[in-house]
Amino acid sequence: MHQMTSRRAVVRVPSGPRSIETVTVPVAEPGPAEIRVKIAGAAINPVDLGVAGGVFHQLGLVHQPDYTGLGWDFAGTVEAAGPGVGLRLGTRVAGFIDGFDRDHGSHAEHLIAPAAHVAVVPDGMDLVEAATVPLNATAAAQLADLLGEPSGTARRLLVTGAAGVVGAYVAVLARDRGWQVTGMARAADEPFVRGLGAGFATDAGQGWDAVADAGALQENALRAVRDGGRFVGVQPASRLPGERGITVEVLFARPDGALLAPLLARAAAGELPTRVHAVTPLDEAAGAYRAMAEGGVRGRIVLVP
């Protein structure tokens, strides 16, 4: 019997985009509560650049003997389902896989994932666009949960990196919770940030009741928080210590299909922005990673098999 195979993007000795290669592996079968997804699109995120560059290998978080798989976000169709899965074959789904120590990722033709980690993509939503939503929107929603509700008159929130994908989602979701949101970004991004319903700033300033540091400014963003305020960071490996009575939280996004479903619905309705910067073939992953690393990307580069 002919063995089905699948291509995936990996790094053996991670040293940035030039170390990315494509390997061919047998197609795996899903186990209980798992699905196999035929990938239609998989976005490149900053965390993927870190994996390809060896950041997490150096932190001792990766121990793969042969190669490390790349990619978190994905969208595609259910091609096979294990026992206990209620999704029909052909169902359009999106989601993300987390963790660093794995030989597979979403930058591939096929992916095995827990069914609980995916959500159905709304009818009419393009799968390439859907591939930009899961990690970033889930992270933003979980960041908003860490941020909590504003209290009394303490409602002034600064979102750094507000023109980025995560920051833009945070701006929208925090405003829904009653925060008075100001987005920090480059001057050229002012129309986009204001289009989210947020105020705009080009520097952090001081005296904010809370800062959602989607731009990963770290200490510079913490200094912008007033005494006794709140700070939520996005770098789990570099959690900042509390100071001046500031409550410090740090986000580590976890897959959650139930949380993702309404976020996809809002994206499909245009309430959350989906921004595809470029679409690139999977075999050209190294070039796409290089373009992402060079910066200036607004939205996501999506790899398609």
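This is a guided tour of two sheets, the helices that lie against one of them, and a nonpolar core, in a model that is predicted.

Begin with the parallel sheet, by selecting strands S9 to S14. They form an open sheet of 6 strands, whose order is S11-S10-S9-S12-S13-S14 and whose pairing is parallel. Strand S11 (199-201) and S14 stand at its edges with a single partner strand each, so one side of each has no neighbour in the sheet. From one strand to the next, the twist averages 20°.

Now go through some of the pairings. At the S11 edge, strand S10 (residues 180-184) is joined to S11 in the parallel sense over 3 bridges, and Thr 182 can be found opposite Gly 199 in S11. Moving to strand S12 (residues 208-212), you will see that it runs parallel to strand S13 (residues 225-233), with 4 bridges between them; Trp 208 has Val 225 in S13 as its bridge partner. S13 in turn pairs with strand S14 (residues 247-250), again in the parallel sense and over 4 bridges, and here Arg 230 is partnered with Thr 247 in S14.

Next, add the helices that lie across this sheet. H5 lies across S9, S10 and S12, and runs at about 165° to S9, while H4 lies across strand S9 (156-159), S12, S13 and S14, running at about 155° to S13.

Keep helix H4 (residues 134-147) selected and add helix H8 (residues 257-268): their axes come within 9 Å and cross at roughly 105°. Angles of 65 to 115 degrees count as roughly perpendicular, and H4 and H8 are therefore described in that way. To display the contact, show Pro 134, Ala 137, Thr 138, Ala 141 and Gln 142 in H4, which meet Leu 259, Leu 260 and Leu 263 in H8. The residues of this contact divide into 6 nonpolar, 2 polar and no charged.

Turn then to the largest nonpolar core, which has 73 residues; those touching the most other members are Ile 20, Leu 70, Val 133, Leu 157, Val 159, Val 181 and Leu 264. Helix H5 (residues 165-176) gives the most to this core, with 9 residues. Centre the view on Leu 157, whose contacts, leaving aside residues up to four places away in sequence, include Leu 147, Ala 174, Trp 179, Val 181, Trp 208 and Val 211.

Finally, select the other sheet, an open one of 3 strands in the order S2-S1-S4 with antiparallel pairing. Strand S2 (20-26) and strand S4 (68-69) stand at the edges, each with a single partner strand, so one side of each lacks a neighbour in the sheet. Strand S1 (residues 5-11) pairs with S4 in the antiparallel sense over 2 bridges, and Val 11 stands opposite Thr 68 in S4.

Notes. Residues are numbered from 1 along each chain as its sequence is written. This is a predicted model: local features need pLDDT of at least 70, side-chain atom pairs count only at pLDDT 80 or more; totals for chains, interfaces and linings use all residues. Side-chain values use heavy atoms; hydrogens and water are left out. Two strands pair if DSSP finds at least two bridges between them. Axes are lines fitted to C-alpha atoms, for helices over the stretch in contact, and angles run from 0 to 180 degrees between N-to-C directions. Angles under 35 degrees count as roughly parallel, over 145 as roughly antiparallel, 65 to 115 as roughly perpendicular and the rest as oblique. Contact means heavy atoms within 4.5 Å. Ala, Val, Leu, Ile, Met, Phe, Trp, Tyr, Cys and Pro count as nonpolar, Asp, Glu, Lys and Arg as charged, and the others, Gly among them, as polar. A nonpolar core is a set of buried Ala, Val, Leu, Ile, Met, Phe, Trp, Tyr and Cys residues joined through side-chain atoms within 4.5 Å. Buried means under 20% relative accessible area, exposed over 50%, partly exposed in between (1.4 Å probe, protein chains only).
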